[in-house]
Amino acid sequence: MKEIAAFIAGLQFSLGLILSGMTNPENVIGFLDITGNWNPALAFVLMSAVVVTGIGYRLVWKRSQPMYEATFSVPTNRVLDKRLIIGSGIFGIGWGLVGLCPGPALASVFTENGVKALIFIAAMVGGVLLQRNLTTLIERRPALKVPVNNS
Amino acid sequence: MNNELIMNAIYGGALIGLSAVFLMLTLGRIAGISGITSGLLSLNLKRQDLWRGTFLIGLLIGPLVYLAIGGQTPEVVIDKGFVYMIAGGLLVGFGASLGSGCTSGHGVCGIARISPRSLVATGVFLTTAIITVLLSR
């Protein structure tokens, strides 16, 4: 059941992106380009999605648990750290360069511009793996100075 | 921008919201695309990660379902070349991974939860994206 539910959610998400025009980078760039012929569509999409999600989440959280899992997996971290700010800043630069982010890129594979979407996705995967390896490298350094062994 | 485009934006946004609510109701999970899909980038995938794969399949086949129902493929205009695709993809992947989320996880689900981290993340990536578009004109 879990897998079917996730499939339905993925398909719904994809159709929402398509219907709202967000799979088309032209509309995203048109929104970000505030000095040009501004296209407010993305603002309506975001507002509508946030309102529905906000109301829906609060109704769902009245339950003691999700339908097919024992617990809700909701982030509890509230710390505004450097990783969050630098990461989001870098993400925005990539988003602005092309007008694609992960959802719309994946929902564009089976369209006329699928080849470009696939190249973007391959680079995206490369970016994720690069980030993980860099972070592991950086976090490994101070660990060398800790001689305590608890095993 | 005409009324039809605005209505489509509102209906489409609502559908994205319904998807997020459905995933929370059934699996108790945040509908963050970068988080869900990057969970598949692992060498030892477990049975409990299978839902990530089926979510991804749903996301991928959306245009085909749209074609079957509506009789047309979604319009996707990408005027940028391959170098932009590679640079943009690298930055988006790296940034979403470091910042723990993208437009869906922070921008939709996080703001709906009124999460301080997501409010800040969304403000930051909207700002750098707007500046990038201004500079690349």
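A helix axis here is a line fitted to the C-alpha atoms over the stretch in contact, and angles run from 0 to 180 degrees between N-to-C directions. This is a predicted model, where local features need pLDDT of at least 70 and side-chain atom pairs count only at pLDDT 80 or more, while totals for chains, interfaces and linings use all residues. Residues are numbered from 1 along each chain as its sequence is written, and chains are lettered from A and ligands numbered from 1 in the order in which they are written.

**View 1. H5(B) and H6(B) cross at roughly 145 degrees.** Helices are DSSP runs of H or I with at least four residues, strands are runs of E with at least two, and both are numbered from the N terminus. The axes of H5(B) and H6(B) come within 8 Å of each other. Their crossing is left-handed (the near helix is turned anticlockwise from the far one by less than a right angle; clockwise would be right-handed). On the H5(B) side, look for B:His106, B:Gly107, B:Gly110 and B:Ile111, which meet B:Arg117, B:Ser118, B:Leu119, B:Ala121 and B:Thr122 of H6(B). By class, this contact has three nonpolar, five polar and one charged residues. (Ala, Val, Leu, Ile, Met, Phe, Trp, Tyr, Cys and Pro count as nonpolar, Asp, Glu, Lys and Arg as charged, and the others, Gly among them, as polar.)

**View 2. Two loops of chain B each hold a residue with positive phi.** Most residues other than glycine have a negative phi. B:Ser100 goes the other way, with phi near 55 degrees, and B:Ile114 also has phi near 55 degrees. Find B:Ser100 in the loop between H4 (82-98) and H5 (103-112) of chain B. Then slide along to B:Ile114, in the loop between H5 and H6 (116-135) of that chain. B:Ser100 counts as buried because it has 22 C-beta neighbours inside 10 Å, whereas B:Ile114 has 10 such neighbours and so counts as exposed. (Buried takes 20 or more other C-beta atoms within 10 Å, exposed takes 12 or fewer, and partly exposed is in between, with C-beta atoms placed from the backbone.)

**View 3. H2(A) is mostly covered.** Seven of the eight residues in H2(A) are buried. They are A:Pro25, A:Asn27, A:Val28, A:Ile29, A:Gly30, A:Phe31 and A:Leu32. So what sits over them? The cover includes H3 and H4 from chain A, and H6 from chain B joins in too. (Residues are in contact if their C-beta atoms, placed from the backbone, lie within 7 Å.)

**View 4. Across the two chains, H3 of A packs on H1 of B.** Zoom in on residues 41-60 of chain A and residues 3-27 of chain B. Their axes are 7 Å apart and meet at an angle of about 30 degrees. That makes H3(A) roughly parallel to H1(B) (under 35 degrees is roughly parallel, over 145 roughly antiparallel, 65 to 115 roughly perpendicular and the rest oblique). The crossing of H3(A) with H1(B) is right-handed. Residues in this contact divide into 21 nonpolar, six polar and no charged.

**View 5. The meeting of chains A and B takes 101 residues from A and 97 from B.** On the chain A side, H1 (2-19), H2 (25-32), H3, H4 (82-98), H5 (102-106) and H6 (114-143) each supply at least two residues. H1(A) gives the most, with 17 residues. Sorted by class, the side of chain A that touches chain B has 61 nonpolar, 30 polar and ten charged residues.

**View 6. Chain A has six helices and zero strands.** Its pattern along the sequence reads α-α-α-α-α-α. The radius of gyration of chain A is 20 Å, well over the 15 Å that the globule rule gives for 151 residues, so chain A is more spread out than a compact globule. (That radius is taken over C-alpha atoms, and the rule is 2.2 Å times the number of residues to the power 0.38.) The C-alpha atoms of chain A fill a box of roughly 60 × 40 × 30 Å along the principal axes. Of the 151 residues of chain A, 48% count as buried. If you take contacts in chain A between residues at least 6 apart in sequence, 39% join residues at least 24 apart.

**View 7. Chain B comes to six helices and zero strands.** From the N terminus on, its elements run α-α-α-α-α-α. A box of roughly 45 × 40 × 35 Å along the principal axes is filled by the C-alpha atoms of chain B. Chain B has 137 residues, and 56% of them are buried. Among contacts in chain B between residues at least 6 apart in sequence, 41% join residues at least 24 apart.

How values were computed
Two residues are in contact if their C-beta atoms, placed from the backbone, lie within 7 Å.
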